[in-house]
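Subject: Structure for you to look at, with notes

Dear colleague,

Please find below the structure I promised to pass on. My notes on what was found in it follow directly after, and I would be glad if you read them with the model open beside you.

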Amino acid sequence: MKILLIGYGRMGRLIEKTAAAAGDTVAAVVDIDTIGNLETMGRVADVAVDFSNPAALPAVAAYVRRTGTPLLSGTTGMTDAGFAVLDELGQYAPVLHSANYSVGVAVFRRALEAVSDVLKPDFDIEIVEAHHNQKVDAPSGTAKLLLEAIDPNHEYTPVYGRQGICGKRSGKEIGVHAIRGGTEAGTHTVSFFGADEVVEITHRASSRQIFVNGALHMARKLVNMPKGRYNLQEILFGGDKA
């Protein structure tokens, strides 16, 4: 598999190293400061793998429209407008975005979808995520993904941290909290607090390698798929789009 690598930070460099070890080829690399190179670049790879920055999306989108290159995106901090662009790109190529390519997190999300409706009426819900001190966005894309799994119809109000006298907890809110420090690769815990009992589900990443392995695995699947906008859940589990 030939890869156009977009974004050359820690994730990008690890993708390059892992891909080479697996016998794949990184045909070209562009970073945020060289993103303009996409304007004159033809189709050089089987798939574009983008772990850059939302600011690069206009250039990436123009490239996909022009070349029809499949796009796997792991960029976090995307806005609703950015997701709309990814949806539109499905007309030109197979497009997959996930804030987290860990198979364990995919199962975590699936579990939340299965149990949340049973617990929500009587349990208070809190999400806590921890990441390294260089992460620029909060809450994490994975925390947002888990929030969506718990409340797909947006019936609850997310409360991002609490400070001061904020009143009693509402029954229709979900707390979301971000912790930053050290070299933490990523830990996410969803807690359901009931009367005299607590249910907690935690996923802990020991390194970024799990995200890289998952992304490359999904990239190999994506290159053989027809045009369309895909998500991790439907490819892994064959379910409806989420």
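In these notes a helix is a DSSP run of H or I of at least four residues, and helices are numbered from the N terminus. In that sense G82 belongs to helix α3, which covers residues 80-89. Please keep in mind throughout that this is a predicted model, and that the values below were computed from it.

I begin with the chain as a whole. The chain contains seven helices and 11 strands. Its radius of gyration is 19 Å, which is close to the 18 Å that the globule rule gives for 242 residues, so the chain is as compact as a globular protein of that length. Taken along the principal axes, the C-alpha atoms fill a box of roughly 60 × 35 × 30 Å. Of the 242 residues, 46% count as buried, and the accessible surface comes to about 11800 Å², with 51% of that surface belonging to carbon and sulfur atoms. If one takes the contacts between residues at least 6 apart in sequence, 66% of them join residues at least 24 apart. As for charge, there are 24 positive and 27 negative side chains, and the centres of these two sets lie 6 Å apart.

To return to G82, this residue counts as buried because its relative accessibility is 7%, where the cut-off for buried is under 20%. G82 and P58 are 24 residues apart along the chain, and their C-alpha atoms are separated by 8.9 Å.

The next region to look at is helix α5, which runs over residues 141-150. How many of the 10 residues of α5 are buried? Eight of them are, and the helix is therefore described as mostly covered, given that buried means under 20% relative accessible area. The buried residues are G141, T142, A143, L145, L146, L147, A149 and I150, and they pack against α4 (103-119), β6, β7, β8 (173-180) and β9. Within this helix, L145 has a relative accessible area of 14% and so counts as buried. Leaving aside its neighbours within four places in sequence, L145 is in contact with S98 and R109. L145 and V105 are 40 residues apart in sequence, while their C-alpha atoms are 9.5 Å apart in space.

The loop between β6 (124-131) and α5 holds K135, and P139 is found in that loop between β6 and α5 as well. Is K135 buried or exposed? K135 counts as buried because its relative accessibility is 19%, and the cut-off is under 20%. The side chain of K135 makes a polar contact of 3.1 Å with the side chain of D137. Apart from neighbours within four places in sequence, K135 is in contact with T76, S140 and R180.

P139 deserves a separate look for its backbone, since the peptide bond from A138 to P139 is cis, with omega near -5°. Most residues other than glycine have a negative phi, and most peptide bonds are trans. P139 has a relative accessible area of 12% and is therefore buried. Its contacts, again leaving aside neighbours within four places in sequence, are with E129, K144, Y160, V176 and R180. Between P139 and G214, which are 75 residues apart along the chain, the C-alpha separation is 22 Å.

Two further residues are worth checking for their backbone angles. H154, in the loop between α5 and β7 (157-160), has a phi near 55°, a positive value in a residue other than glycine. H154 counts as exposed because its relative accessibility is 56%, the cut-off for exposed being over 50%. D196, in the loop between β9 (187-194) and β10 (197-204), has a phi near 70°, which is likewise a positive value in a residue other than glycine. With a relative accessible area of 85%, D196 is exposed.

With best wishes

Technical notes:
Residues are numbered from 1 along each chain as its sequence is written. This is a predicted model: local features need pLDDT of at least 70, side-chain atom pairs count only at pLDDT 80 or more; totals for chains, interfaces and linings use all residues. Side-chain values use heavy atoms; hydrogens and water are left out. Helices (H or I, at least four residues) and strands (E, at least two) are DSSP runs, numbered from the N terminus. The radius of gyration is taken over C-alpha atoms; the globule rule is 2.2 Å times the number of residues to the power 0.38. Buried means under 20% relative accessible area, exposed over 50%, partly exposed in between (1.4 Å probe, protein chains only). Contact means heavy atoms within 4.5 Å. Accessible areas come from the Shrake-Rupley method with a 1.4 Å probe; for residues, only the protein chains shown count as cover. Lys and Arg count as positive and Asp and Glu as negative; His and the chain ends are not counted. The place of a charge is taken as NZ of Lys, CZ of Arg, CG of Asp or CD of Glu. A polar contact is a pair of N or O atoms within 3.5 Å; within protein, one must be able to donate a hydrogen and the other to accept it, and residues adjacent in sequence count only if both atoms are side-chain atoms.
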